[in-house]
Amino acid sequence: MTERLYYRDCYVRDFDARIVDTADDGRRVYLDRTAFYPTSGGQPFDAGILGGAKVIDVIDEQARIAHIVETPLSAAQVQGHVDWERRFDHMQQHTGQHLLSAVLEELFAIPTLSFHMGAEVSTIEVGAAALDTGQIERVEQRCAEIVSEARPVVIRFDQASEDLGLRKASERSGTLRVVSIAGIDRSACGGTHVRSTAEVGLVLIRKLDKIRGNVRLEFVCGFRALGHAREDFRTLLEISRHLSTPIERTPDLVAAQMERIRLLEKANQRLATDVAQREGRELWAATEPGADGIRRVTQPGPIDDMVRVRAQSFVAPGNAVFVAVSENPPTVLLAASADSGIHAGERVQAAVRAAGGRGGGNHALAQGSVPSSADLNRVLALLNPAN
């Protein structure tokens with residue numbers, strides 16, 4: 001069994017240990033004692049150096065902990081050095097999560113259902129259908145108050161059979177490792193934690209997402225929160241500079257600019273539609289009817305909304321068929337006037353299916369695609385109204 005030094009002292013970063021077993025040609029190492037935390041309970045593993053080799057993963061195998069190292073180890077005795085910056089970051093995030101979850105319970109009786117610590121942000125899923133801005137601000141404020149009080153964070157080992165007053169009941173039996181934040185939280189937890197809420201620093205909720213009828217909160221604590229706040233400020237400052245307006249006025253100006261863009265895009269769409277309709281009419285007038293009195297035109301190029309408008313405008317006067325063909329992606333469009341004797345949807349569907357493609361539409365307008373541009377000539381031959 002591996003003695004887990006971090007269970008009793010999360011601040012151990014250097015230690016000596018004896019290698020008791022190896023596997024994978026010395027790259028999977030088992031020690032008699034370790035300060036390296038394995039991935040568990042939503043918290044990632046500790047990185048660092050073991051016997052001069054880089055630790056790239058730490059795996060909890062229940063009784064033992066496996067250390068995956070970059071280069072093989074064979075010495076009987078090794079020294080371990082935990083990457084303290086990564087470890088302390090994880091301690092801030094994990095204790096911050098306990099604090100955040102406890103405050104949600106205290107203020108709104110909202111339970112935490114799951115926790116995940118990522119490399120940039122952490123998340124908790126909570127049992128609530130929604131949280132409003134006012135609630136989030138109250139939670140952040142309450143967390144800040146408790147951080148400023150520097151409440152002790154204490155690790156104890158108690159029996160699961162006792163009445164421990166845990167925030168969330170544990171399904172484990174025997175001895176439980178209980179992490180307590182004075183006056184607000186007691187949780188069974190095997191993770192690494194700070195000694196005081198003062199070390200958690202700022203608890204900042206970044207984003208809310210709805211998931212499975214619950215809410216997922218994205219949050220950062222401590223130095224992560226400071227880094228995100230700095231980045232947010234730099235971003236706002238850059239936007240403010242580009243807009244030549246003070247930061248506090250930026251949201252209103254951006255909203256006004258977005259509305260202006262929306263109106264301009266709407267006007268541009270209307271004008272583009274008018275142009276495409278005029279092009280369709282002019283093309284109809286410039287196209288000579290065939291022997292059967294049908295005006296036919298085939299146009300290459302990308303097929304977009306304006307091509308569809310042009311096609312419909314071309315066939316609107318009657319006795320007309322319009323075909324558009326695009327090589328990337330390999331697509332065809334067919335528009336047919338009611339008096340042309342062609343059902344566009346049926347014609348396109350039959351043509352693209354014969355080439356292993358898909359498509360359809362109504363009697364006047366249809367579109368389809370085929371696996372490759374090499375199939376387009378075959379499709380165009382089938383679309384040819386003369387056939």
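Okay, let's start with a pair of residues: R241 and E238 both sit in helix α3, three residues apart, which is about one turn of the helix. One thing to keep in mind all the way through: we're looking at a predicted model. Those two residues form a salt bridge, with the closest N and O atoms 2.7 Å apart. Why can neighbours like that end up side by side? An α-helix has 3.6 residues a turn, so residues three or four places apart point the same way. As for how open they are, R241 counts as exposed, at 52% relative accessibility, because the cut-off for exposed is over 50%. E238 is partly exposed, with a relative accessible area of 36%.

Now let's look at helix α3 itself. It runs over residues 222-243, and at 1.5 Å a residue, those 22 residues should span 32 Å. How far apart are its end C-alpha atoms? They are 32 Å apart, which agrees with the expected span.

So which residues of α3 are buried? They are G222, R224, A225, H228 and S240. Those buried residues cover an arc of only 140 degrees around the axis, which puts them on the same side of α3. Turn to the face that points away from that buried side, and you find the exposed residues F223, R241 and H242. Yes, that's our R241 from the salt bridge with E238 again.

And what covers the buried residues of α3? The list includes the helices α1 (84-108) and α4 (250-286), plus the strands β9 (112-117), β10 (122-126), β14 (203-211) and β15 (214-221). Just after α3 comes S244, which takes a positive phi of about 55 degrees.

Let's pick one of those covering pieces, β10. How many of its residues are buried? Five of the five, so β10 is largely enclosed by the rest of the structure. In a regular strand the side chains alternate between the two faces of the sheet. For β10, both faces are covered: S122, I124 and V126 are buried on one side, and T123 and E125 are buried on the other.

Who does β10 pair with? One partner is β9: the two run antiparallel and are joined by five bridges. A hairpin of four residues takes you from β9 to β10, and T112 has V126 in β10 as its bridge partner. β10 also pairs with β15, again in the antiparallel sense, over five bridges. There, E125 has R216 in β15 as its bridge partner.

Back to salt bridges to finish. How many are there? The count comes to 25. One of them links E106 and R142, with the closest N and O atoms 2.8 Å apart. E106 lies in helix α1 and R142 in helix α2 (residues 133-148), so this pair ties together parts that are 36 residues apart in sequence. E106 is partly exposed, at 39% relative accessible area, while R142 counts as buried, at 18%.

Here's another one, in helix α4. E259 forms a salt bridge with R262, and their closest N and O atoms are 2.7 Å apart. Being three residues apart in α4, they are separated by about one helical turn. Both are partly exposed: E259 has a relative accessible area of 36%, and R262 has 42%. Last one: D24, R28 and E61 are joined into one network by salt bridges that share partners. That's it from me, thanks!

Technical notes: Residues are numbered from 1 along each chain as its sequence is written. This is a predicted model: local features need pLDDT of at least 70, side-chain atom pairs count only at pLDDT 80 or more; totals for chains, interfaces and linings use all residues. Side-chain values use heavy atoms; hydrogens and water are left out. The expected span of a helix is 1.5 Å times one less than its number of residues. Buried means under 20% relative accessible area, exposed over 50%, partly exposed in between (1.4 Å probe, protein chains only). The arc is that of the directions from the helix axis to the C-beta atoms. Contact means heavy atoms within 4.5 Å. Two strands pair if DSSP finds at least two bridges between them. A salt bridge is a side-chain nitrogen of Lys or Arg within 4 Å of a carboxyl oxygen of Asp or Glu.
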